[in-house]
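User: I am new to this structure and would like a close look at a single part of it. Please take one chain, and go through what holds it together inside and what it touches outside.

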Amino acid sequence: MSPLVQIEGVTAAYGASQALFGVDLTLKEGGALALMGRNGMGKSTTLKTLCGLLPPTGGRVRLAGVEITGRPAHRIARLGVGLVPEGRRCFAPLTVAENLLAAARPGPWDMARVGALFPRLAERRDQVARSLSGGEQQMLAIGRALMTNPRLLVLDEATEGLAPVVRQEIWAAIARLRAEGGLSLILVDKSLRELRQVADTAVILARGRTVWSGSIDALGAEQTNRWLGV
Amino acid sequence: MSAPILALDRVTKRFGALEASRAVSLDLRPGEIHALIGPNGAGKSTLIAQITGALRPDAGTVSLEGRDITGLPTPARARLGLARTFQISQLAMGHTVLENAVLGAQGATGARLSLWRPILKDAALRAVAEAALQRVGLAEHAGAVTAELSHGQRRQLEVAVALTLAPRLFVMDEPMAGLGLEGTAAMTGLLDGLRAEAPILLVEHDMDAVFALADRITVLVAGEVIATGAPEEIRRNRDVRVAYLGEEGP
Amino acid sequence: MSAILLIEQVLNGLQFGVMLFLMAAGLTLVFGVMGLINLAHGSLYMVGAFAAAAVAGATGSFVLGLAAALAAAAAAGALIEVTIIRRLYARDHLDQVLATFALILIFSEGTRWIFGSFPLFLEVPAALSGPVTLPFGIEYPAYRLAIIGIGLAIAAALFWLIAKTRIGVQIRAGEADREMIAALGVDIDRLYTLVFALGAALAGLAGALVGALQSVQVGMGEPVLILAFVVIVIGGIGSIKGAFVGALLLGLTDTLGRTLLPVAFGTVLEPSMATAVGSALASMAIYILMAGVLIFRPSGLFGQS
Amino acid sequence: MGRETWINFAIALGLLAVPLWAWVADEPFTITLATRVAILALAGVGLNLALGLGGMVSLGHALFFGIGGYAMGILAHHAQTFDPLMEAPFVIEGTKSMPVIWLTAMALSALAALAVGALSLRTTGVYFIMITLAFGQMFYYFAISWPAYGGEDGLSIYVRNGFPGLNTLDPIQFFLLCYGLLLLALFVCARITASPFGLALSTARQAPARAETLGFSPFRLRLIAFTISGAITGLAGALFADLNRFVSPAMFSWHTSGEIMVFVILGGVARLFGPVAGAALFILLEHWLGGLSEYWLIYLGALLLGVVLFAKGGLVGTLLRGRA
Amino acid sequence: DPVKVGMITTLSGGGAGLGIDVRDGFMLAVKQAGNPDLEVVIEDDQRKPDIAVQLADKMIQSEKVDVLTGIIFSNLAMAVIPAATAQGKFYLSPNAGPSALAGRGCHPNYFNVAWQNDNLHEAAGAYANEAGFKNTYILAPNYPAGQDALTGYKRFYEGALAGEFYTKLGQTDYAAEIAQIRASGADSVFFFLPGGMGISFLKQYAASGVDLPVVGPAFSFDQGILQAVGEAALGVKNTSQWNKDLDNPANVAFVESFQAEYGRLPSLYASQGFDTANLLLSAMAKADVSDTEAFRAALKEADFASTRGDFRFGPNNHPIQDIYVREVIQEGDVFTNKTLGVALEDRGDAYADECRM
Ligand SMILES: Nc1ncnc2c1ncn2[C@@H]1O[C@H](COP(=O)(O)OP(=O)(O)OP(=O)(O)O)[C@@H](O)[C@H]1O
Ligand SMILES: Nc1ncnc2c1ncn2[C@@H]1O[C@H](COP(=O)(O)OP(=O)(O)OP(=O)(O)O)[C@@H](O)[C@H]1O
Ligand SMILES: [Mg+2]
Ligand SMILES: [Mg+2]
């Protein structure tokens, strides 16, 4: 069986400035992959090329064996990729309910189930997203991605700026999503401890290249020291 | 005990039915870092907005060095020595790093803005700006256009601009947000040194940083202060653990 | 001025307002919902009127003319969306102003090239020509009543479309963050082409309906465009409800200003002076209204700040 | 010197060289065209201060252009007919002296800009565009229907106003006068841009919250810039009226506002010499295409469209990129 | 010597139809004359005063024309004519005749070959007396030409006014005005609403059910416009110095050749363009343009066969001519005008006395 995500030698650039120089990454169906690296090393950019938000300038991206390199974002999303972007990017003038509705596609995840996962969102159904607190917006972004009923959920710093309890809540929610099976994950986060609990494999980027990959348990002090600065 | 620099007295703010600040009182004393923590949506940013003047409280007063500033607009507060950094960087992206800092130095002088004399030729302002950049470690990027900076560098520039103001106090909204582990450590070191210059009111979710830095911590939940005290007391406080830190908190 | 006349003038004001709403509805869709300043909206209005006049002239059927207006304007709208407008969403307002200003030139002169420099003929359908008698003995043109009806129906339909349907939500989401809505699986490009074509079709419909009352000529879209902008700015951009209220307010202000101001000045000035001053002020009235509204409500009556 | 400085230098030189050549070759109309470019560029320089530096997209600058024009028209008209502008409480006579007219034009348009700005700057974005348009339209309709100074027919001034020591009726001398004022305005704008005020203003454009926390009120900064901007455009209006020896409400129309904006965008927003390049290109196009076909506006439209879509940053921006 | 004519007229945008007719009429006469000494340069003013001024500068300074002509609209005429005549050029106006240039602002080198702006309105006033109107409602747009129109009408009209109303320039909806008219107790309506404004007014008036008699100047009932108004205009009386059925040889030949050349019926404006060119040709036959005095005298004689019959210049170089009343009729499926009679005979204008030259 072909892996769910297979990224091979992807390069990408913002205008004239190149950001990715050769990223390789493989995620098997049902797996959870931690994408790591210092600030500005290309984590978000890699995720953008995967989701079709930034067409790669070279290399290949495959989803469940189908080549999707350079396809428009909405096509890729419909193949089952749900994105929780860096910086939340909720639809500011829309209400919570409308934010969720805009993304909805048929499947097990619906308004009620998202509301059960994040009761706070259910309470604020009719509040516009721009007046939500940062944490509430983060929950909304995750809920919104779930509403597309993805097979792959891509979380780019999903716990940034969240209170510890909420962060724990979200990690618990992620763990639950994992346990229920069926959903594969790619995670970017700065908390190593939590990543270790959820992810099974890890990829480290430096200067737009894959510099290390393997089982997360194999990630030792030497690598974290060298590539992450801790 | 020295007189507080900043004092909030029963500040209250409502958004419709929601009470985002409920009679919040707190103060900031010389030389301290006072951390304001609380769950998402507790009303921290709302409180900061009332301190800096973006929002006006429905009731209660905000005073700076004994002077009531509740009704003052933001620029007037800035001129009184209130410096803030933003949760999401607010920088002139098209300007160079130096220009962003020099304008802060200009603001600090409180002088009327000249329309004629080129600002970059003003040696005194440049010196202040360059010193601030030096301190946050951006000196060699002074000529770079701000849009080209990495996220972490922009956070550093935010702090540098605040430094140029030579303020009476700092109000910082999540300065660690979006910084990597390394960056967080560097920022922690920077803030640690800063408190000698002016006290800091710090809003932050990074508990490692908060407990490493804060002299006092105030916990806000649902718009209300549920505890204020030294870090150790807060760490041990049951209510705080339930409402915010969680059982596995540091 | 008698009470009956006053009632009739209020009715005229409302009718003018509804007419303006027809013009403003498409504009607010595109302008508010998609965040695009489309100065060429007036050109689409003109395209509708010319298509209607040409087809009605050739076939003798007003209904066919209306259909042609809808089709031609929608097609023109879709065409410019795909080739030009699409590249402007991400640009700032300035680029949009310049590009659509250029489109006005192209449309106007292109129309003149095809249809010549003389106004075309478009007539109110026979079934609706002439007046009907309303309560209080008010005689009112049947065609204008029909316009009021159509305008109200369109207002309701649009309001429902944008506020209540999933497509409406997606359109608004797309305005807030195009890239994000695409990443959630919505084909925003196609959606926007459709919306733009819908807005254009509304403009074309307005052009055809109003063209039967007015003169179908090159440049007819411009004064209308400005009025429509005033309407949606008063109402609050992006709000169909705002456009509706704004249009009625503007229609009433203009009509009553025109008729009442000279009378009002007549009480203090000599007659010809009063008409001159009164009508000078009346021609500025809607702009004064707009400035007044914006000074007290900087984002219009129903706009979100 | 930076690349942009060289481009600016070339533009300034070009605008001077062409009419000088025309003077030698006895082509007075070319001088007239160049004068037109200089004056319209000056109007654009005014707008650019608000638009480029301050981020205020004003679609109402025709208002100041028109006020400048009418300041000239009314003063010269009274001088021409020898009846004073005002008799009580003190006498104000008309004048044919350019310096007096310029000062009046600038003062009046600055005053108008101050008032319009104070009201309009409460709004932002599209609302600002439209409220400035509304103020322009108010004046337009007022000027059309106000009979005292010709209404829609406008006012003709038979002889161009005078400047001490110059013969303004000589096209090249009048050109040099306008050119000098343009350079002066450009110099002033360059200084303002580099000044503390300019830096604060453009910070207020890019990050208003930042400007506030540094102690600057964005509203005040914008209002001051808008006023200066209005004064410069007003001066251009007075010169334009002198060039045509005629003023009419058309100067107030939204087309005029649109055209001034087109100069700025065509040349490059927030580029010092953008309006100069834009006005020159526009006038050239108008002049050349006008002779091509009765439907030349189609070509003009297509060209403008091409510039917006494919030449980001306008002419100056494109030149900068082309050489980079 | 050859004569070079600069024609500045409106060929694009809103008022283009009028400029095109003037140009076509003018060029028809030029073609028929076949005079190799006459050269014409044509430019489009876009109906913008500043463009018109710029074009005039260009024609004078770089094309070195001897005669200027072509302007349609009064506000553009005011911008161009005083400066052109001050520089010693001849100006022959084929359409606009603002009062300022007929009175104190008259100039020996400025000839108006159409009418003084008030003329057709004056004729409408005179006709109103004849038709027995006692209580007319009058309206016009609020700008100088509109104000002049109402003044002109009142100059000859002897009855009472049921109302006097200024509309906004460019207005397209007249429901409010029509309601005022209905309520005013008027027995007739006079309006001056040029271009699209007139079309809109007439269509809406027809639909309103008010059926008071209407009279107006020819501008809203001319050939180029009538097809767009349609049946709504049938029966309306309007005043004009020309009509296509005027029975003089010059006119019969003109109407026929214009139709043959351009495939449409000539309009008022076309006839004015045609007359302007013939006036110029008649002067060229008598004098050399470089001899200003002689050429001016030759122009003043107006020794050409005008399409409107008798034509001569008054002391201020404005026409003295008959002004007719016409009625809108339908011929087959074409709407056109039929001459009913003369409203004002040998009419000069009200400003000639103020002209000192
Ligand atoms: N929109 C953009 N335009 C230009 N350059 C960009 C843009 N976004 C990112 N970059 C650059 O691309 C490189 C990779 O950025 P990316 O956002 O992928 O890093 P990251 O690993 O996600 O970092 P972080 O942890 O800070 O989010 C960086 O050098 C960054 O400066
Ligand atoms: N303008 C507003 N209208 C209505 N509710 C608002 C508005 N602004 C904030 N709120 C609400 O007030 C509460 C406090 O918000 P605030 O942004 O102050 O929280 P916070 O403590 O800063 O949270 P975070 O840590 O997530 O940033 C939230 O529930 C938010 O939804
Ligand atoms: Mg990232
Ligand atoms: Mg917050």
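Analyst: Contact here means heavy atoms within 4.5 Å. This is a predicted model, and the part chosen is chain E.

A lysine makes a convenient starting point. E:Lys58 is placed in helix α2 of chain E, which covers residues 49–63. Apart from neighbours within four places in sequence, E:Lys58 is in contact with D:Phe29, D:His287, E:Glu43 and E:Glu63. That list includes residues of chain D as well as of chain E. The side chain of E:Lys58 also makes a polar contact of 2.7 Å with the side chain of E:Glu43. Is E:Lys58 buried or exposed? Its relative accessibility is 11%, so E:Lys58 counts as buried, the cut-off for buried being under 20%.

The contacts of E:Lys58 with D:Phe29 and D:His287 lead to the interface with chain D. There, 28 residues of chain D are in contact with 29 residues of chain E. The two chains bury about 2,700 Å² between them, and carbon and sulfur atoms give 54% of that area. Across this interface there are 3 salt bridges. One of them joins the side chains of D:Arg36 and E:Asp50, at 3.2 Å from N to O. Polar contacts across the interface come to 6 residue pairs, counting those with both residues at pLDDT 80 or more. On the chain D side, α2 (28–53), α5 (125–145), α9 (218–244), α11 (274–292) and α12 (296–310) each supply at least two residues. Helix α2 of chain D gives the most, with 5 residues. The residues of chain D that touch chain E divide into 12 nonpolar, 8 polar and 8 charged.

Chain E also touches chain C. This contact takes 40 residues from chain E and 41 residues from chain C. About 3,100 Å² is buried between chain E and chain C, 54% of it on carbon and sulfur atoms. Of the area that chain E buries here, E:Lys168, E:Asp173 and E:Lys203 supply 17%, more than any other three residues. The count of salt bridges between the two chains is 3. In one of these, E:Glu177 pairs with C:Arg258, and the closest N and O atoms are 2.7 Å apart. There are also 14 residue pairs in polar contact between chain E and chain C, with both residues at pLDDT 80 or more. Several elements of chain E take part: α1 (16–33), β7 (160–167), α7 (175–184), α8 (196–208) and α9 (223–229) each supply at least two residues of the side that touches chain C. That side of chain E is made up of 15 nonpolar, 16 polar and 9 charged residues.

The partner on this side, chain C, carries an annotation. The unreviewed UniProt entry places the feature "transmembrane region" at several stretches of chain C, among them residues 16–37 and 142–163. In the model, residues 142–163 of chain C are 100% helix and 0% strand, with the end C-alpha atoms 32 Å apart. Residues 16–37 of chain C are 82% helix and 0% strand, and their end C-alpha atoms are 24 Å apart.

What remains is the inside of chain E, where salt bridges join separate parts. E:Asp24 forms a salt bridge with E:Arg264, the closest N and O atoms being 3.0 Å apart. E:Asp24 lies in helix α1, whereas E:Arg264 lies in the loop between α10 (249–262) and α11 (268–286), so this pair links distant parts of the chain, 240 residues apart. E:Asp24 is buried, at 7% relative accessible area, while E:Arg264 is partly exposed, at 23%.

A second salt bridge joins the side chains of E:Asp222 and E:Arg326, at 3.4 Å from N to O. E:Asp222 is in the loop between β9 (214–217) and α9, and E:Arg326 is in strand β12 (residues 319–331), so the pair ties together parts 104 residues apart in sequence. Both residues, E:Asp222 and E:Arg326, are buried.

A third salt bridge, between E:Asp303 and E:Lys286, has its closest N and O atoms 3.0 Å apart. Because E:Asp303 lies in the loop between α12 (292–301) and β11 (312–313) and E:Lys286 in helix α11, this pair ties together parts 17 residues apart in sequence. E:Asp303 is partly exposed, at 46% relative accessibility, and E:Lys286 is also partly exposed, at 39%.

Definitions and conventions
Residues numbered from 1 in each chain as written. Chains lettered and ligands numbered in written order. Predicted model: local features only at pLDDT ≥ 70, side-chain atom pairs only at ≥ 80, totals over all residues. Heavy atoms only, no water. UniProt positions renumbered as here; feature names shortened; annotations may be inferred. Helix = DSSP H or I, 4+ residues; strand = E, 2+ residues; numbered from the N terminus. Buried area = accessible area lost by both parts, 1.4 Å probe. Salt bridge = Lys/Arg side-chain N within 4 Å of Asp/Glu carboxyl O. Polar contact = N/O pair within 3.5 Å; in protein donor to acceptor, adjacent residues only side chain to side chain. Nonpolar A, V, L, I, M, F, W, Y, C, P; charged D, E, K, R; others polar. Buried < 20%, exposed > 50% of the residue type's maximum accessible area, 1.4 Å probe, protein only.
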